[in-house]
Amino acid sequence: MALPLAQALCPNAHTEPFDPLRDIEALYALARWCIRFSPLVGLDPELISARDSSTPEKLSPCHYGITIDLTGTERLHRDLQQCVNLLHSVFKGRARIALTPTIGASWALSRYMMRERPWVILSCAEIPSALQELPLQALRVDDVCVRLLKEVGVQRIGKLLALPRHTLSQRFGKKLLYRLEQALGEIEERLLTIEMPREFAISRTFEPPLVTRRSIVMIIQHLFQSIVTELREHKKAAKYFQLTISDTTDRTIRKELPLAAATSNQSHLSSIIEPIIDTLHFFGEVREVRIAAHQIESKTSEQHTFSTSQQTYPTEQQRQELMNNFCVRIGKDRVTFAKLNHSYVPERSFCYRPALSSTDDVHLAEEIPSYNLNERPSILFPSPEPISTISMLPDKPPSYINWRGRRLSITAGVGPERIAPEWWRSNVQHDSFTERDYFRIQDEIGRWLWVYRDRQSLEWFLHGMWI
C-alpha cells in the first residue's frame, strides 16, 4: 500500500527510506562477521549481480541472506546442531535458519518455512519430504515458470516431485529441473564466497628477552618498516596502528596511533612514531613486540603534474601527513574542521567536526552556502557581547557605542540586515533566537564591527569584527 495510507492506519509505525545499497553493505559486513563459524561464507549471486548492475531495488527481499558452509567444521563445533542453536541465540531468534546438506534446500526452508526454531536436516533423503509443502518460488525459478506450472495445477514442490523428470525441462525449461536437482543434492551447487579480511600484523618473540632500550627501539622501528612494506606490496594503506609490548611478567604496554588519513609512507610514519617511542617507559625484560594495522584502505599512485614550472603547491598527501602529525601529537579528539551549514543564523551557520570523522566524504560533497563569505565577520564571538548605544532612527546604524568600558565613535555604517528565526525547522526552539537587525559599522580607529539590535528587547549587542 502507499506510505501515507500505511501511516494513517498505523500512526506509531517507524519508517525509513529504502536504501538497498546500504542494506547490501550491512549484509556484507555481517557475512564477514560470520567467518568465525566457517571460512566459507557467501551471499546470493543474484544479490551480487544486482549490486554490480546498480539495480538492487528490483531484487526480491528473499535474496538478502547469508550462506555458511559448515562442511568439515564438525570437530570445531563438536555438534552442528549446537552451532545452529548458537546462531539462533546470537540473532535473538529473529533470523530464519536452516541447516541442510544442500544450499538450495537451506535457501528454500529459511525463506518459506514459517518456524520459530531452526530447521535441521542431516541427510539428503529427508529433503523431499521437507520441501513438498513449499511454494514453487522456493526453488529460485522465475515468475514465468511459476505461472506456467500453476496453469497445469502445480503450485507446490510436492506435486512437482510427482511429475516425470524428463518432461519438466521440455515443457518448463532447463532451469526448473536444474534448480530442483540442486535442492535435492543431485547436482552440486557452488557457493560464491566473500573475501576473507586480510590481517596486517607482525610480531616477534625474543628468547632471551630484550633488556636494553636501544635494542627495543630498533626492533620497533624494524617491525614498523616491515608492516609498511607489506602494505605497499598489496597496494594498501593503514589509518590506525596499534603497538603492543609484553614483558616476562605478562605486563603489557599498548600504544595506539590513530591517523587522520591512511598512509604507507615509511619516512612519514617514521617521523610520527619516533617521538612517540621516545616517550615510552619500558619495564622489565621485553619478551614480545607486536604491531597491527587496522582500517585498511586501497592506495593508488598519484601523478602530481605534467607542468615543468618550478612553482609547487601542497599536495593532498602532504596535507594528510600534516593531519596525521597533529592527530598523533595532540590527540585525534582535539583536531577538528570548521564546516559551513545552510543557515543564515550566525550561531548555526557553522559547526566543528572531528578530523577522523567517518563521514568525511558526505561533508566534502555538500554544497557551500550561497551567501558571500565577506558578508560575515572573520571573528565571530562565542556569544554576543552587550553594548550601549543610541540610534537616531530604527533603521539607521548607531552613532557611537560603549563596548568593554570604552566609548567608540562611529564613522560609517551599513545596514540593516534582518535575520529572523528559521520557522521551517520544527526541531528548533523559536524562543532561543529572536528577530535581529544587523549593522556593519566602522569605528574611529578603522575597525569594522558587526552589531545588532534585538527587535524584541531593543537591546544592542556586538557579535563580531573584521580583521
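The structure holds two cavities of 30 Å³ or more. This is a predicted model. Its four-stranded open sheet follows the order β5-β8-β6-β7. Another site of interest is T100, in the loop between β3 (98–99) and α6 (103–112).

**Cavities**

- The largest cavity encloses about 70 Å³ of space.
- Its lining counts 13 residues.
- Closest to the centre of that cavity are R96, I97, R115, R117 and W119.
- Rolling a probe the size of a water molecule over the atoms shows where such empty space is left.

**The open sheet**

- Pairing across the four strands is antiparallel.
- β5 (200–210) and β7 (252–263) stand at the edges. Each has a single partner strand, so one side of each is left without a neighbour in the sheet.
- From one strand to the next, the twist averages 10°.
- Strands of a sheet pair through backbone hydrogen bonds, either parallel or antiparallel.

**Strand pairs around β8**

- β8 (residues 286–298) is joined to β6 (residues 236–247) by 11 bridges. These two strands run antiparallel.
- Within β8, E288 is the bridge partner of S246.
- H294 of β8 is the bridge partner of Y240.
- β5 also pairs with β8 in the antiparallel sense, over seven bridges.
- I202 has its bridge partner in β8 at I291.

**Helix on the sheet**

- Helix α13 (residues 266–278) packs on the sheet.
- The strands touched by α13 are β6 and β7.
- The direction of α13 makes about 150° with that of β7.

**The T100 site**

- Is T100 buried or exposed? T100 has a relative accessible area of 11%, and the cut-off for buried is under 20%, so T100 counts as buried.
- A polar atom of the T100 side chain lies 2.7 Å from the backbone oxygen of T102.
- The side chains of T100 and S106 are joined by a polar contact of 2.5 Å.
- Which residues does T100 contact, leaving aside its neighbours within four places in sequence? They are A105, S106, L109 and I121.
- S106 therefore appears twice at this site: it is in the contact list of T100, and its side chain makes a polar contact with that of T100, which is buried.

Notes:
Residues numbered from 1 in each chain as written. Predicted model: local features only at pLDDT ≥ 70, side-chain atom pairs only at ≥ 80, totals over all residues. Heavy atoms only, no water. Pairing = 2+ DSSP bridges. Axes fitted to C-alpha atoms, helices over the stretch in contact; angles between N-to-C directions. Contact = heavy atoms within 4.5 Å. Buried < 20%, exposed > 50% of the residue type's maximum accessible area, 1.4 Å probe, protein only. Polar contact = N/O pair within 3.5 Å; in protein donor to acceptor, adjacent residues only side chain to side chain. 1 Å grid on protein atoms, 1.4 Å probe; cavity = no way out; pocket = protein on both sides within 12 Å on 5 of 7 lines; lining within 4 Å. Points joined across faces, edges and corners; volume = space filled by probe spheres on them.
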